[in-house]
Amino acid sequence: MICALASSVCFGAASVLQAMGARATTPGTGGGVDIALMWRVLRQWRYLAGLCADGLGFVLQIVALRTLPIYVVGAALAASLAVTAVIASRVLRVRLSRVEWTAVGVVCAGLALLALASGKEGHEEGPGWLPWALLASAFGVLLLGVVGGRLPAKPRALVLGLGAGFGFGVVEVAVRLIDGIDLADPVWYALLVGGGAAFVLLTSALQRGSVTTATAGAVLGETVGPAIIGVVWLGDTTREGLGWLAVTGFAIAVAGSLTLARFGEPPETEGRPTETGPATRAGAEGAGAGGAGTGSAPGPASGPGGHDHGTGPDRGQDGS
């Protein structure tokens, strides 16, 4: 559980850095998924620092996935939004509402319930078709990105965010199925394709759509599906008689994270225009606001997890 929570902290901090790097990058033309965007953001030191934090978080996530049920790790990763919100409130001086502070507490409570109710990691390999289904899902994420990139701004952010979440979900399940290095194992290719596609879709969603919408889609995509797969096919269990408590804790943690969805992106400086438009979020949608994992220059507009925070005094607008 310590590794799961530590990975959540790493991902929460990485989201702030990556958001700042992506926001400082000149957007491309058109509204679809921009592959070249990845090359441009890699020239931003904040984005690179975020990738390093992501790398450490991923290592910790692997350890957690090999020792805990997937539903516990998924909920802990969603909780990175709470980490982002707290960092934004202290370091970036983002003003959290009472509802958002309550959501931070709710996320912590949900994780505590999960820690009490979770059983041991399952050791079942699942049906023989599962690795191939994961590989097909990984390529499906790429296809979803192509289709979603052609949609109008609002549905595009949701579709790209969901696609990114599905890709990260593929990675979570793949880590559990990997058993040694075997280049003939489709699980390895599912992990690489799913993870790579997820990063591309997430970065595009962050820069080109509503942060809140994209982040909420990503949270749902990477938590619910893998949790079900872990319980149904991989043997993840709860402590005897505490299944209801695990379900309750999981639902509470995810719901609290969704409430903090605007913190998928760090805030912009108040009154300071950016490459995509004015500092206020109301005028930024469709111009490149962005989803979970990317952000803007340091300031009070949004939070580290890739979610929009608004730039006004009440910080209550999400930019969607």
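**View 1. The low-confidence stretch, residues 269-320.** In this predicted model, pLDDT stays under 50 all along residues 269-320. Even so, the model gives this stretch 239 contacts beyond four places in sequence. Where pLDDT is low, the predicted coordinates shouldn't be read in detail. For the protein as a whole, the mean pLDDT comes to 78, with 75% of residues reaching 70 or more.

**View 2. Helix α4 against helix α8.** Here α4 (residues 70-78) packs on α8 (residues 153-177) at an angle of about 140 degrees, and the two axes sit 11 Å apart. The crossing is right-handed. On the α4 side, Ile 70, Gly 74 and Leu 77 make the contact, while α8 brings in Glu 172, Val 173 and Arg 176. Sorted by class, that's three nonpolar residues, one polar and two charged.

**View 3. The second largest pocket.** This one holds about 320 Å³ of space. Its lining runs to 16 residues, and Glu 124, Glu 125, Arg 176, Leu 177 and Asp 179 are the closest to the centre. Charged residues number seven in the lining, next to five nonpolar and four polar. Arg 176 may look familiar: α8 uses Arg 176 in the contact with α4, and Arg 176 also lines this pocket.

Terms used:
Residues are numbered from 1 along each chain as its sequence is written. This is a predicted model: local features need pLDDT of at least 70, side-chain atom pairs count only at pLDDT 80 or more; totals for chains, interfaces and linings use all residues. Side-chain values use heavy atoms; hydrogens and water are left out. Axes are lines fitted to C-alpha atoms, for helices over the stretch in contact, and angles run from 0 to 180 degrees between N-to-C directions. Helices (H or I, at least four residues) and strands (E, at least two) are DSSP runs, numbered from the N terminus. A crossing is left-handed if the near helix is turned anticlockwise from the far one by less than a right angle, and right-handed if clockwise. Contact means heavy atoms within 4.5 Å. Ala, Val, Leu, Ile, Met, Phe, Trp, Tyr, Cys and Pro count as nonpolar, Asp, Glu, Lys and Arg as charged, and the others, Gly among them, as polar. On a 1 Å grid over the protein atoms alone, a cavity is a set of points where a 1.4 Å probe fits but cannot get out, and a pocket is an open set with protein on both sides within 12 Å along at least five of seven lines; lining residues have an atom within 4 Å of a point. Grid points are joined across faces, edges and corners, and a volume is the space filled by probe spheres set on the points. pLDDT is the predictor's confidence in each residue, from 0 to 100.
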